[in-house]
Amino acid sequence: MKRRTFFKNSLLVTSGTLFMDSFLGCVNPLLQDGNVDEYFKGFQDPPADSRLFVRWWWNGNRLAENEILRELDVMQAAGIGGVEINPIAFPQGSDPVGYEALTIFEEKWLDMLQVALEGAKERGMICDMIVGSGWPFGGEFLNKEDQSQMVTIETIDLEGGQSYHFKIDELVDRVDPEIHSRNKTVYRELQMARLLPKVSRDFVEGEDLVSSITDEVLSINVPAGKHILYYVVKLTGYMAVINGAPGASGPVLNHYSKSATEKYLNRISGFITGKVGNMGEYIRAMFCDSMELEGANWNDDLPGEFEVRRGYSILPYFPFVLKKVGHMGNPLEEDYGTKFSEDVTSMLKRVELDFYLTRIELFKERFIDTFNEWCHKNNVKSRMQAYGRGMHPLETSMEIDIPECETWLSRGVGRAYPSTGLAGRAPTLSNKYVASGAALAGKDVVSCEEITNTSMAFMATLENIKVAGDQSNISGVNHSILHGFNYSPPEAPFPGWVRYGTYFSERNTWWPYFRRWSDYKARISYLLQNATPRASVAILQPLTDLWLKFGPQRDPFPQKWYPEYQNNLWEAIHQNGGGCDYVSEHIIKKATFGNGRMLYGDRAYDTLLMPEIETLDPETAQYLSVFADSGGKIVFIGKRPLKSASYHDAEASDSAVKGMVDALLEQSDGNVLVYPSPQGDPIQWYGKMQDDLGLKPYVRFKQTHKYLSQSSYKLGTNSMYFMANTSLYEDIPVHAEFQLDSKLTPWIWNPETGERLRYPTKGGNNIIDLVLPRATSLLIVFEDRAEGEPYFQMELTAGGREISGPWSLKLHHMNGDRQELKLDVLADLLDIPSAKDFAGTVIYETSLDIDSEDSRYIDLGQVQGVTELTLNGTVLGTRWYGAHVYAMGAAVKEGENRLSIKLTTISGNYVKSLKDNPVAQRWTRNQANCPMGILGPVRSI
């Protein structure tokens with residue numbers, strides 16, 4: 001029997017047994033009964049853990065008991081279910097108004113922590129807490145051996161036939177990376193110095209120059225020809241905590257040291273338990289924020305660990321696998337070092353990859369595992385943004401109790417959506433990795449630092465926020481931690497103490513309407529946390545190729561990605577009605593196979609997409625053959641794998657991968673193939689591939705659209721779909737055919753109102769045909785009951801009669817000023833000199849004659865703000881997103897009708913006008929003004 005055949009048959013027998021165990025054990029008991037009415041009760045009144053949480057910035061630790069309790073009351077009234085206590089540096093330019101800065105973990109500060117923990121518990125709110133302060137955490141109290149370490153290189157070109165003398169202190173002082181957050185005290189140590197030729201066809205280690213150091217001077221006699229001095233410097237304590245609060249700023253912790261991590265964490269738990277006892281009585285999870293380690297890559301035992309794990313020494317290659325780094329540890333785009341041949345360069349890339357994989361392993365073992373163990377020992381969960389250099393973007397999240405990603409709000413969200421790349425998207429690259437890791441690990445909660453906003457703070461509308469949040473949910477998020485709520489006493493001068501954010505504050509103009517979005521979001525989160533996301537397609541991203549070509553990236557904001565559509569393939573699958581997860585080579589190796597499916601835990605996939613993958617581990621290639629032989633579909637997009645990443649026996653390993661992939665394609669029954677790469681719009685390309693290959697989506701759209709997407713779920717035994725139009729301007733016609741039993745009836749669960757309405761189907765219960773207005777979503781649950789109040793959608797028709805005015809405007813400024821205007825034609829308030837800096841409420845009033853029974857609605861057209869419409873003294877409702885269309889109902893009368901519209905604007909244009917306000921200018925000086933008001937046309941239809 002051929003070795004390949006034996007390997008496949010052995011795994012198939014094993015997977016047949018494990019398949020049954022896995023399948024039978026995959027059903028969550030909570031979902032097994034399929035009692036949709038119980039879910040609806042929770043949907044109507046979501047519990048605290050489904051509600052929005054906020055990152056509660058304790059600005060500068062300037063705390064007072066009464067203010068802590070006041071802010072908890074404000075947040076609770078706004079529908080916020082929990083807080084993440086986050087001590088942070090005091091915002092630049094803010095007035096402390098006499099509040100004392102407390103030092104974290106000292107007695108006064110611990111008193112305030114106890115007030116917050118007990119106050120939240122009394123209110124039924126949930127508390128998380130950041131580990132330490134700022135990110136990555138550290139503190140002034142860290143010993144040198146516990147501080148973050150980086151080894152990096154410097155090079156100096158030398159002329160042949162000359163002698164050089166370098167003072168060691170001058171050499172090491174030249175190594176001063178332009179990182180974002182520098183610590184005041186940096187320890188520099190020369191680790192290695194070598195002389196190499198400028199050009200070399202073969203690999204050479206170079207001449208060791210350490211022995212040439214005398215009296216702290218390095219003397220070099222350079223042979224003929226151009227040469228390069230390579231030297232390696234270890235930097236200790238080089239990075240300071242970003243925005244650390246008093247008592248937790250200073251140098252960053254060495255995350256590659258288990259003993260340093262344990263010491264740091266135990267210090268914190270000692271303080272907290274000493275004050276409140278069992279941490280789990282008050283704290284749900286301890287949180288670890290962004291791993292922006294700015295190039296940290298070292299612990300002194302790393303060379304030994306590398307040799308044990310990789311089977312060879314890194315020291316001969318060490319200077320060539322290190323990079324010169326700058327901001328956030330990103331490699332510098334410079335041309336430096338010895339020019340080796342292509343073969344040598346390829347070999348060094350493999351060593352560099354092994355160096356990175358060793359660091360990933362050590363980071364997991366020494367930090368991630370230690371953090372988890374500490375959390376569990378203290379009866380709390382771990383919550384972490386587990387990605388960035390030094391972590392696998394998928395697998396590390398699988399280790400965390402509550403894995404977290406990031407969704408950012410920018411001006412382009414809802415306005416622009418390029419075919420490829422990350423622009424115009426609120427979810428970052430990390431979201432799909434984190435959501436996939438959570439699904440693979442069987443975790444119900446996918447947390448997200450949501451609505452992070454540095455480019456349009458104060459300018460964001462609730463509609464902007466909703467669109468970004470809807471995109472976040474589509475990416476797999478079901479638990480939102482808003483970024484954030486600033487601890488800021490009322491007496492702080494406007495706009496208060498603002499560390500970051502979208503100005504989630506009771507001082508914001510639209511805060512009275514915030515509860516509408518928080519209730520909407522809570523109902524969605526409740527269902528998504530209790531449902532199982534569906535995915536039949538697995539995507540193996542070409543991470544190895546990315547790392548070999550461009551090096552490890554700073555996720556979630558990479559300098560490079562590969563291929564160009566790396567972040568857009570999952571989007572296209574969902575936009576075409578399907579569902580997918582990311583997987584890794586490790587996941588494939590640990591999976592079982594049977595009946596045409598690859599199974600890992602509770603997840604099952606019948607199709608594996610491999611976009612532009614050139615490099616594959618030989619063992620992974622063997623498992624692919626098992627998947628193919630079980631009937632699974634493997635699609636190599638654009639390229640087929642042709643090599644390994646192995647340093648050992650590289651030629652034989654490369655040949656093995658190429659041979660196995662070639663055999664897969666040659667022996668395939670059509671289920672293994674190479675499919676052309678997308679050349680234009682990935683949405684259209686994937687739709688064609690879906691049809692060409694017979695891939696089955698969960699819902700088929702008659703016409704796809706870049707702003708229309710969906711995610712499919714199982715809610716108990718019921719199929720559920722979350723569908724969203726995330727354009728701010730386009731209404732999208734939707735004809736959707738759901739691929740399920742047509743005997744079931746679609747019900748619209750309205751997350752804004754908590755209602756459940758039967759969709760009046762036409763042409764079959766599995767078809768929905770409607771117009772999805774801009775910035776609008778749908779929750780559709782298919783139920784085994786056909787009777788109930790029907791869903792009714794207002795018709796968004798063209799035509800009608802324009803209500804042209806004239807309009808009387810009463811402007812009530814948030815600063816107390818009052819103003820009245822007359823407009824013959826509606827206009828952007830920005831275009832009216834006396835109103836361009838306005839923030840507050842505007843009452844628009846006019847009269848209209850209605851003499852036709854055909855007029856049933858008032859459509860306000862384009863609106864920038866929140867509206868409340870009153871007709872003849874009857875309030876017809878509020879619109880804070882999407883189409884501002886109101887049903888007139890019984891309020892309308894023949895003849896003259898009095899129309900009054902209350903519009904609430906953003907605060908940003910006013911904030912930007914405060915030229916002498918340092919806080920206002922810090923956030924808005926580089927921001928463009930944003931439109932305000934009712935722009936129309938207003939119509940009766």
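Pro618 is buried, with a relative accessible area of 18%. In this predicted model, Pro618 sits in helix H18. Beyond residues up to four places away in sequence, Pro618 touches Ser644, Ser653, Val657 and Met660. One of these partners is far off along the chain: Pro618 and Met660 are 42 residues apart in sequence. In space, their C-alpha atoms are 8.3 Å apart.

**Two helices side by side**

Pro618 also belongs to a helix pair. Helix H18 covers residues 618-629, and helix H19 covers residues 650-666. Their axes are 9 Å apart and meet at an angle of about 10°. H18 is therefore roughly parallel to H19. The crossing of H18 past H19 is left-handed.

Which residues make the contact? H18 supplies Pro618, Ala621, Gln622, Leu624, Ser625 and Ala628. H19 supplies Ser653, Val657, Met660 and Leu664. Sorted by class, the contact has seven nonpolar residues, three polar ones and no charged ones.

**Cysteines without bonds**

How many disulfides does the structure hold? It holds zero. A disulfide is a covalent bond between the sulfur atoms of two cysteines. Why is Cys127 not in one? The closest cysteine sulfur, in Cys375, lies 15 Å from the sulfur of Cys127, too far for a bond. Cys405 is in no disulfide either, and its nearest cysteine sulfur, that of Cys448, is 4.0 Å away. A disulfide needs the two sulfur atoms within 2.5 Å.

Cys127 is buried at 2% relative accessibility. Cys405 is buried too, with a relative accessible area of 0%.

**A buried serine and an exposed glycine**

Ser709 lies in strand S28, which spans residues 708-715. Ser709 has a relative accessible area of 11%, so it counts as buried. Leaving out residues up to four places away in sequence, Ser709 touches Ile474, His574, Gln575, Phe722, Met723 and Ala724.

Is Gly161 buried or exposed? Gly161 counts as exposed, at 64% relative accessibility. Its place is the loop between strand S4 (149-158) and strand S5 (163-167). Outside its neighbours within four places in sequence, Gly161 is in contact with Val222, Pro223 and Ala224. Asn221 is 60 residues from Gly161 along the chain, and the two C-alpha atoms are separated by 7.1 Å.

**Backbone exceptions**

Most residues other than glycine have a negative phi, and most peptide bonds are trans. Some places here depart from that pattern. A cis peptide bond joins Trp135 and Pro136, with omega about -25°. Pro136 is in the loop between strand S3 (126-130) and S4. The bond from Gly805 to Pro806 is also cis, and its omega is near 5°. Pro806 falls in the loop between strand S35 (801-802) and strand S36 (807-813).

Two phenylalanines have a positive phi although neither is a glycine. The table sets them out.

| Residue | Phi | Loop between | Relative accessible area |
|---|---|---|---|
| Phe105 | about 70° | strand S2 (82-88) and helix H5 (107-122) | 6% |
| Phe458 | about 75° | strand S16 (447-452) and helix H13 (462-474) | 2% |

Phe105 is buried, and Phe458 is buried as well.

Key
Residues numbered from 1 in each chain as written. Predicted model: local features only at pLDDT ≥ 70, side-chain atom pairs only at ≥ 80, totals over all residues. Heavy atoms only, no water. Buried < 20%, exposed > 50% of the residue type's maximum accessible area, 1.4 Å probe, protein only. Axes fitted to C-alpha atoms, helices over the stretch in contact; angles between N-to-C directions. Helix = DSSP H or I, 4+ residues; strand = E, 2+ residues; numbered from the N terminus. Parallel < 35°, antiparallel > 145°, perpendicular 65-115°, else oblique. Left-handed = near helix turned anticlockwise from the far one by under 90°. Contact = heavy atoms within 4.5 Å. Nonpolar A, V, L, I, M, F, W, Y, C, P; charged D, E, K, R; others polar.
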